[in-house]
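Here are my notes on this one, written as numbered points. Keep the structure open beside you and look up each residue as we get to it.

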Amino acid sequence: MTFACVACALLFIASNGEYRTLKQDSPATGLSENDISAGWISLFDGKSLYGWKPTTEANWKVENQTIVVSSGKPGLLRTTTQFDNYILKLEFKADSETNSGVFVRTSPKPKSPTEGCYEVNIAPKSNPFPTGSIVGRKKSVDQRDFESEKWHQLTIICSDESISISVDDETTSAFQDPSPLGKGFIGLQLNAGKIRFRNIFLKPLKLEPIFNGTNLNGWKTYPAMKSKFTVEKNELLVKDGPGQLETKEKYENFALQLGVKTNAPKLNSGIFFRCIPGEKMNGYESQIQNGFKNNDRTQPEDCGTGGIFRRKNARRVVADDQKWFVKTIIADGPHIATWVNGVQVCDWTDTRKPDTNPRRGLRKEAGTIMIQGHDPTTDIAFKNLRIRELSPRNLK
């Protein structure tokens, strides 16, 4: 990616052509409604390390909506989910002599900064690769010391073979890898000194539409079933049920985003994936059901929107009925993660024995995606269905 393309990518979160910090008007994610509609998700909920895993013994903790570490064995706090093409934004505050970094497309324990990862450095200007550099690959053009008393924003754009870095809206480095690593984890590093991170946001890139907004081309219908699927005003509508609408294409490891609106309280539907083609809703189901018990959103009534039905409940019901919400699903081997309106609600690994039938065991084979019409009360709208297969891991 050229420097001009970096500027274009930043327009995803720009207003009137000027840089804009992601708004803090949602206590759950720090994302505005516009950010959520644009596909941004939060990787840190401000309260816990849900969705993260340390690779060494270190004192990683959450303080004042901030991830903090200062001592322990050098290593990473890494996501439990792998990503491939994306914009990553976060803020950091580092002590003056701290040497840390953010690892992208990384293995859990990379052999070095140039093997199995890309390390974006956070380090003093005396370091061979100061803040904003890609260690071992590209030195930052901005070689000042960043003030340790202030928060600084780091932007990393991973797009196929290109890695581009900006600090405080100033481009610092860019690198083209002729043999890109493909998907990998995101890691926050403890190396030497205290480091703090907050406001960690990600927007998947290069998702392609699987619904054209005009008709059901690319989808298989089942007229003998009761559900009726129609298209109006760029929306896919499903009423009545049971029934299903199935993609003609099959997907294995993917990132999927879509908009959903239930048109009455506590309606039930689902997005099925890795389905056995032609069979009746035989796949993993990411639930759509916004009901919760005891006036407590952490008590879903029926698995909860974003939960994996009969496998893992959503940890929180985020969406509201009769309002559009955005769901993100990332399926990668046995691991499945979901976000609703930018909030991660499910982080689940299927530990069952492998089986071609997902009702009986772990299915990693590619399968179709189905939209469910659940019952006679079904009245649900979908829009902006977009997907991409994750890039395979490449360590050559």
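1. Start with strands β11 and β12 (residues 162–167), which run antiparallel and are joined by six bridges. One pair to look up is I156, whose bridge partner in β12 is I165. The two strands form a hairpin with two residues between them, and in that turn D160 has a positive phi of about 55°. Bear in mind throughout that this is a predicted model.

2. Stay with β11 for a moment, which covers residues 152–159. How many of its eight residues are buried? Eight of the eight are. In a regular strand the side chains alternate between the two faces of the sheet. Here one side carries H152, L154, I156 and C158, while Q153, T155, I157 and S159 are on the other. Both faces of β11 are covered.

3. β11 also pairs with β8, in the antiparallel sense and over seven bridges. To find your place, look for I87, which stands opposite I157 in β11.

4. That takes us to the largest nonpolar core, which has 41 residues. Which of them touch the most other members? They are L43, L88, V102, I156, L188, F197 and I200. Strand β8 (residues 86–94) gives the most to this core, with five residues. Apart from this core lies another one, of 38 residues, including L256, V318, I329 and C346.

5. I200 is worth clicking on. Leaving aside neighbours within four places in sequence, I200 is in contact with I41, S42, L43, F44, W52, I67, L88, K89, L90 and L188. Two of the names there, L43 and L88, also turned up in the list of core members with the most contacts.

6. Now for T106, in strand β9 (residues 100–106). Is T106 buried or exposed? T106 counts as buried because its relative accessibility is 0%. Beyond four places in sequence, T106 is in contact with L76, G116, C117, G184, F185, I186, G187 and R393.

7. Next, another hairpin, made by β25 and β26. Six bridges join strand β25 (residues 335–340) to β26, and the two run antiparallel. T338 has C346 as its bridge partner in β26, and C346 is also one of the residues in the 38-residue core. This hairpin has two residues between the strands, and N341 takes a positive phi near 50°.

8. β26 is mostly covered, with five of its seven residues buried. Q344 sits in this strand, which spans residues 343–349. Why does Q344 count as buried? The reason is a relative accessible area of 7%, as buried means under 20%. A polar atom of the Q344 side chain lies 3.3 Å from the backbone oxygen of C346. Not counting neighbours within four places in sequence, Q344 is in contact with Y50, G51, T81, R315, A337, T338 and W339.

9. Then there is an open sheet of five strands, in the order β17-β20-β27-β22-β23, with antiparallel pairing. β17 (219–220) and β23 (284–288) stand at the edges with a single partner strand each, so one side of each has no neighbour in the sheet. β23 pairs with β22 (residues 269–275) in the antiparallel sense over five bridges. In this pairing, S269 stands opposite I288 in β23.

10. β23 comes up again at the second largest pocket, where it provides the largest share of the lining, three residues. The lining has 17 residues in total, and F272, G283, E285, F309 and R310 lie nearest the centre. How much space lies in this pocket? About 350 Å³.

11. Last stop: L216, in the loop between β16 (208–209) and β17. Setting aside residues up to four places away in sequence, L216 touches T221, F229, V231, L236 and L245. For a sense of distance, try N253, which is 37 residues from L216 along the chain. The C-alpha atoms of L216 and N253 are separated by 23 Å.

Notes: Residues are numbered from 1 along each chain as its sequence is written. This is a predicted model: local features need pLDDT of at least 70, side-chain atom pairs count only at pLDDT 80 or more; totals for chains, interfaces and linings use all residues. Side-chain values use heavy atoms; hydrogens and water are left out. Helices (H or I, at least four residues) and strands (E, at least two) are DSSP runs, numbered from the N terminus. Buried means under 20% relative accessible area, exposed over 50%, partly exposed in between (1.4 Å probe, protein chains only). A polar contact is a pair of N or O atoms within 3.5 Å; within protein, one must be able to donate a hydrogen and the other to accept it, and residues adjacent in sequence count only if both atoms are side-chain atoms. Contact means heavy atoms within 4.5 Å. Two strands pair if DSSP finds at least two bridges between them. A nonpolar core is a set of buried Ala, Val, Leu, Ile, Met, Phe, Trp, Tyr and Cys residues joined through side-chain atoms within 4.5 Å. On a 1 Å grid over the protein atoms alone, a cavity is a set of points where a 1.4 Å probe fits but cannot get out, and a pocket is an open set with protein on both sides within 12 Å along at least five of seven lines; lining residues have an atom within 4 Å of a point. Grid points are joined across faces, edges and corners, and a volume is the space filled by probe spheres set on the points.
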